Amino acid sequence: MCDQACDFHPNNVLGVHQVEHHPGTEPFQQQLQAGTPKKQKEQFKDEYNLGSGQRTDSPEEAADALLQRTYPEIANNTQTAGIFIPESFIPRVPLGVDPKNYDKQFKALSEADKSKFKLNDKAGELQGDMVEKSLYEQLKEIYKEKPVVVLQGAELLIPKTNSGVKRGEKQESDVIIINNRLKYVMNIEAKKTLSTEKKGRSNVSTIDSALSQIEKCKRNFETYFSQDIGEWKFIGVIFYDQSNGNICKRCECYVMSVDDIKEKIKTIEEEIEVERASAEDQSVTDYQTIVKRLVFTIYANPGPVIKSKIIPKITDAITTSTKTNIAQGDYRSVLFWTPTQFQIMHLDGANVPIQKRVLLNSCMSTGKTEVMKGMMRMLLDEGQRCHFIICQFVVEKKSILQVQLENEFQKEKEKGNIVFSFLNCNPEKDNMYDLIQNKISEYPGYNTFIDEMVLDANWSDNDWSKIIMEDHLVLWVIIAAIHGAKQEDFAPSKMKLAFPNFFIPDLKIPLRNCKQIVKYVQGDKSDKPFLAKVNRKCASNFSISVPEQMIDGLAPTEFVVKTENIMSGIQQAIQRVKDTVGDRGVTIIICGGVSGGYDGYTGQGNVSTNSDRASTILSALESAGRNGIVYSSHTDQGVSEERLAEWIKDRKNTDLVVVGGNGYLCRGWEDQNILVVDYMDSGLGMENMCMRTITNLLVVRCKAPRDERLADTVHRVVDRVAPWYPRLVDRVFR
């Protein structure tokens, strides 16, 4: 028994308990019907469409089918590793990527900014996120090679036999672990601080709250399952960051922190192992019954984040804000982490931006375009007109970003309030200053926003503050890359030489990505700045900071094959796409390397080579039962800009293959699922292509034979000493 001086003794719910079988409990189906809200209850009377012409009116049969489809290793009793639902931790406060500095950043904001940009203090919820993420990461290590299911943030409908329960009421549990081999269900409740002090609206201490949640979870589990399973154990556990409570020896085994959770769970399992040594083994059907009902039947709407939902769920946390929560990649989040820079979003009494000249030269995926879009919307709402210029490298079609933005601002475009210009340029030959001045002159009276600009070789000789336009109008510029760049060229002090009187925000966090994608792109460079090559002469600045609480997301999947096996690698990647996203269309980007007729600067490659590579991918898609369209940098190849616009609005089950321009067509754009095919393993433009991915990145790397790699090297050397020579080299190697 528990020591009376112990603060954790009420109801003795901590520890290992035998699941009690309650005679007279109504069968599962009746419990489910009674405890279900009216709308959800009605759906159980309808037929379930299981696909392939199969239907059923039984929730149990539907759950069986969903288990087989989603987790076949459980249905077929072949599971060897832990299954985590969701697969990646999704925070309640996506904005809170740097918890240690959150309070400081929030206090630095003016009350006016908090109100205007709807920034509410989420410090309490963020503390909870930190503890739950810490617990999640520990459990990943403990259970990654064990046949268990770990449900994080489960919300389960409460059965009707629990007194005082309203129909549709649900009970949230921080973590529920179902262990197949040892036949136990463990409920872990996580608290930032364990204390007996009663506070809050409910006037309940954190210790009593945790114990109450465990007790309810146990009671609900027994009500739902006691008639249908054999001898299982229920284990109540509390996880904490700090504790002020008195605890006895009996309870301390079940009150855990990050420092001792591994050892304590090991001890619990060893004790159960000894008990089970003399017990008869039970059928795996108990495990299957528990998992399928918890996950597919009694989980409250909108249901758990299973495999098919994890990618859109992570993407929403990064890109889609709600009334109560700001997404990680929202422009307000971008500026929140540099609060002194909220001034760029301020308008004066005449509704004119206080900062009229702004230069954004930060790393890709740090939210530059989102901030720019935020300002454009503010100006459009005030009745002002905007001119958006998107620069391109010697390609003949609009970039995907431009087509997307034209879709996004279609209503304002139709009213004439916003115009888009496509600036086709070659920074090796053209003077960007003159080109931009001419474009601005075409639309007098418009605020000007320039995205994806590449500075030419003589960029520092120009004074961009002398661009001729009306004083009250805005000129915002995003620098994508610099011709002949050195790392120091991107320093604000160097930029100020050509852009005096421009405000230069310091955006460091790649908030438009998942952490695992960023780490993949960084490789062994960690957070050290480096030049990301766009082509052999042009580079972007890859200088970022990755905070601890940034959304982890999913680990990128890489397929490495030899050149002659490229089709096999693409087919494997496409099968993985089918397994993770189903029929939803994805983006496939071709990275071409420099062989096969590669243009020394633009990276377009010759038309026949691009066509052959696109055909290879289309063949792989067809063999996998998928549809595909090609968007090429050449006007006589692939679909039109109009067809691309239709695909962006409704991609259905069609994949987009982007070819030519070495990724230039994709710059500034983003998609939740991207497959990058690197034909030459050259690495040119790969950082940009991979960073276009929000959540789910797949890469096929083609290890080129020695002669192709030699051709690639010769191109680089020759182009450096004799830029007029590359086409002759192409003929030699062909």
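**Val 305, strand β8 and the largest pocket**

Val 305 is found in the loop between α11 (285-296) and α12 (307-319). The model discussed here is a predicted one.

Reader: Why is Val 305 called buried?
Author: Its relative accessibility comes out at 16%. Buried means under 20%, so Val 305 counts as buried.

Reader: And what makes a residue a contact of Val 305? Which ones are there outside its sequence neighbours?
Author: Contact means heavy atoms within 4.5 Å. Leaving aside neighbours within four places in sequence, Ile 85, Pro 86, Ile 90, Ile 310 and Lys 313 are in contact with Val 305.

Reader: How far apart are the C-alpha atoms of Val 305 and Glu 87?
Author: They are separated by 8.1 Å, though the two residues sit 218 residues apart along the chain.

Reader: Glu 87 again, then. Which residues of the pocket lining are closest to the centre of the largest pocket?
Author: That pocket has a volume of about 1,400 Å³. Of the 50 residues lining it, the closest to its centre are Thr 70, Glu 87, Ile 306, Lys 307 and Ser 308. As for where the lining comes from, helix α3 (residues 59-70) gives the largest share, with six residues.

Reader: What makes up that lining, by class?
Author: There are 23 nonpolar, 16 polar and 11 charged residues in the lining of the largest pocket.

Reader: Over to the strands. Why is β8 described as largely enclosed by the rest of the structure?
Author: Strand β8 covers residues 233-243, and eight of its 11 residues are buried, so the strand is largely enclosed by the rest of the structure. For each of those, buried means under 20% relative accessible area.

Reader: How do you know that β1 and β8 pair, and in which sense?
Author: Pairing takes at least two bridges. Strand β1 (residues 15-18) has four with β8, so they count as paired, in the antiparallel sense. One of the partnerships is Gln 18 with Lys 233 of β8.

Reader: What about β7 and β9, then: parallel or antiparallel to β8?
Author: Strand β7 (residues 184-194) pairs with β8 in the parallel sense, over 10 bridges. Strand β9 (residues 255-256) also runs parallel to β8, joined by two bridges. At least two are needed for a pair, so β9 qualifies as a partner of β8. Ile 238 of β8 is the bridge partner of Glu 189, and Ile 238 stands opposite Val 255 in β9.

Reader: What makes a β-α-β unit with β7 and β8, and which hand does it have?
Author: Helix α8 (residues 206-225) completes it: β7, α8 and β8 make a right-handed unit.

Notes. Residues numbered from 1 in each chain as written. Predicted model: local features only at pLDDT ≥ 70, side-chain atom pairs only at ≥ 80, totals over all residues. Heavy atoms only, no water. Buried < 20%, exposed > 50% of the residue type's maximum accessible area, 1.4 Å probe, protein only. Right-handed = clockwise from strand over helix to strand, strands pointing away. 1 Å grid on protein atoms, 1.4 Å probe; cavity = no way out; pocket = protein on both sides within 12 Å on 5 of 7 lines; lining within 4 Å. Points joined across faces, edges and corners; volume = space filled by probe spheres on them. Nonpolar A, V, L, I, M, F, W, Y, C, P; charged D, E, K, R; others polar.
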